[in-house]
Amino acid sequence: MTQETSHATNARILAETHFEISEFLKLFSPLLKRHLIGEDRQRCFSRLALCEIMTILVAHQIIGAPNLKHFYQKIIWQYHRREFPGLISYSRFSGIAAIAVVPLTLYLRFRMEMSRHTGLYVIDSTPLRVCMNLRIPRHQVFKGLAGRGKSSTGWFYGFKLHLVINHVGELMNVFISAGNHDDRKPVLDLVRKLKGKLLGDKGYIKKKLLQQLMAQGVQLLTTLKKNMKPQQRTFFDRLLLRKRSLVETTNDLLKNYFQIEHSRHRSVTGLMNTILTALIAYTFYPTKPEMRGVVLQGAWFPLLRKLNKNSQNSG
């Protein structure tokens, strides 16, 4: 890709992102103003409009720049000042970016509401490290907020991102907690609007949680611990559990492409902006990971129930 083509692509992404966010803010802005104490007290003066601030933050993740500072100074400032006539310095921009946290939160919720209810979902949590383990005693930015937890890759200090996706990789719900938070606590809130099958790892095993989900219309399928007795499951359910790793691909995409995890945060609002914009950018990603070979008809698998019944009869 030539430099001219790259700038043209960036301009197109900026224009499309600005249009999407501006359409959303037409509905959101009146609601926001009704809850503000006062415009001058809630927002520092800036020549950049809220829509432009959100556009820059989200487009940075969609384009995949090394970091926000590079994107702002080397791409926006040098090649797209015409699109942002009220452009300010990066230090000033980083100071006012905090006003976008609430609008970005609602915009992410708006994007997730458009995800399809397919009846087949995967739940998982992934660590968001804020520093290396050797630097935990000296870390002060998230003192009292972050926690020390343990994942499949070892101990870490930071936060956890709990997320639920459908079988075609679309975000259904997310929850952010401290690193030492139990994975099972936010499950009921994450799936309160869902019905169908929910795939998870053995960290979600709990009899009471299983019963609560069944009463809600959600069947939780998990891998088994070594000391557990084998459970009688249909052939289709066993195949589905093999495809649970779909959510690991989503986590990898969020961390390695959208940079949802790094140790350069210097404020809580900076962390939240990074997480929110990465998740929003993921909802725009055209080739999300999906379960190949799984075809669902409706939300309650009428075709798959027939396959389950045939496999039981043949067994």
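**Entry 1: two helices**

I began with helix 3 (residues 50–63) and helix 6 (residues 101–113), which pack at an angle of about 65° with their axes 11 Å apart. This is a predicted model, so I am noting computed values throughout. Angles of 65 to 115 degrees count as roughly perpendicular, and helix 3 and helix 6 are therefore put in that class. I also looked up the handedness: helix 3 and helix 6 cross in a right-handed way.

Next I wanted to know which residues make the contact. From helix 3 I wrote down Leu50, Met54, Leu57 and Val58, and from helix 6 Pro103, Leu104 and Tyr107. Sorted by class, this contact has seven nonpolar residues, with no polar and no charged ones.

**Entry 2: an aromatic cluster**

Tyr107, already noted in the helix contact, turned up again in my list of rings. Together with Phe24, Phe28 and Phe110, Tyr107 forms one aromatic cluster.

**Entry 3: aromatic pairs**

How many aromatic pairs are there? My count comes to 11 aromatic pairs, taking ring centres within 6.5 Å as the rule. I picked out two of them for a closer look.

I took Phe142 and Phe159 to begin with. Their ring centres are 5.5 Å apart and their planes stand at 90°, so I logged the pair as edge-to-face. The pair links distant parts of the chain, 17 residues apart: Phe142 sits in the loop between strand 1 (120–129) and strand 2 (147–151), while Phe159 belongs to strand 3 (residues 154–166). Buried or exposed, I asked of Phe142 and Phe159? Both are buried.

Then I turned to Phe258 and Tyr282, an edge-to-face pair with 6.5 Å from centre to centre and 85° between the planes. Here, too, distant parts of the chain are linked, with the two positions 24 residues apart: Phe258 is in the loop between helix 10 (246–256) and helix 11 (268–284), and Tyr282 is in helix 11. I found Phe258 buried, and Tyr282 as well.

**Entry 4: Cys131**

My last stop was Cys131, which I located in the loop between strand 1 and strand 2; Phe142 of the earlier pair is in that loop too. Why does Cys131 count as buried? Its relative accessibility is 10%, and buried means under 20%.

I then asked what Cys131 touches once its neighbours within four places in sequence are left aside. The contacts I noted are Ile136, His139, Tyr157 and Ser263. For Tyr157 I also looked up the backbone: the C-alpha atoms of Cys131 and Tyr157 are separated by 6.7 Å, though the two residues are 26 residues apart along the chain.

Key
Residues numbered from 1 in each chain as written. Predicted model: local features only at pLDDT ≥ 70, side-chain atom pairs only at ≥ 80, totals over all residues. Heavy atoms only, no water. Axes fitted to C-alpha atoms, helices over the stretch in contact; angles between N-to-C directions. Helix = DSSP H or I, 4+ residues; strand = E, 2+ residues; numbered from the N terminus. Parallel < 35°, antiparallel > 145°, perpendicular 65-115°, else oblique. Left-handed = near helix turned anticlockwise from the far one by under 90°. Contact = heavy atoms within 4.5 Å. Nonpolar A, V, L, I, M, F, W, Y, C, P; charged D, E, K, R; others polar. Phe/Tyr/Trp six-rings, centres within 6.5 Å; stacked < 30°, edge-to-face > 60°. Buried < 20%, exposed > 50% of the residue type's maximum accessible area, 1.4 Å probe, protein only.
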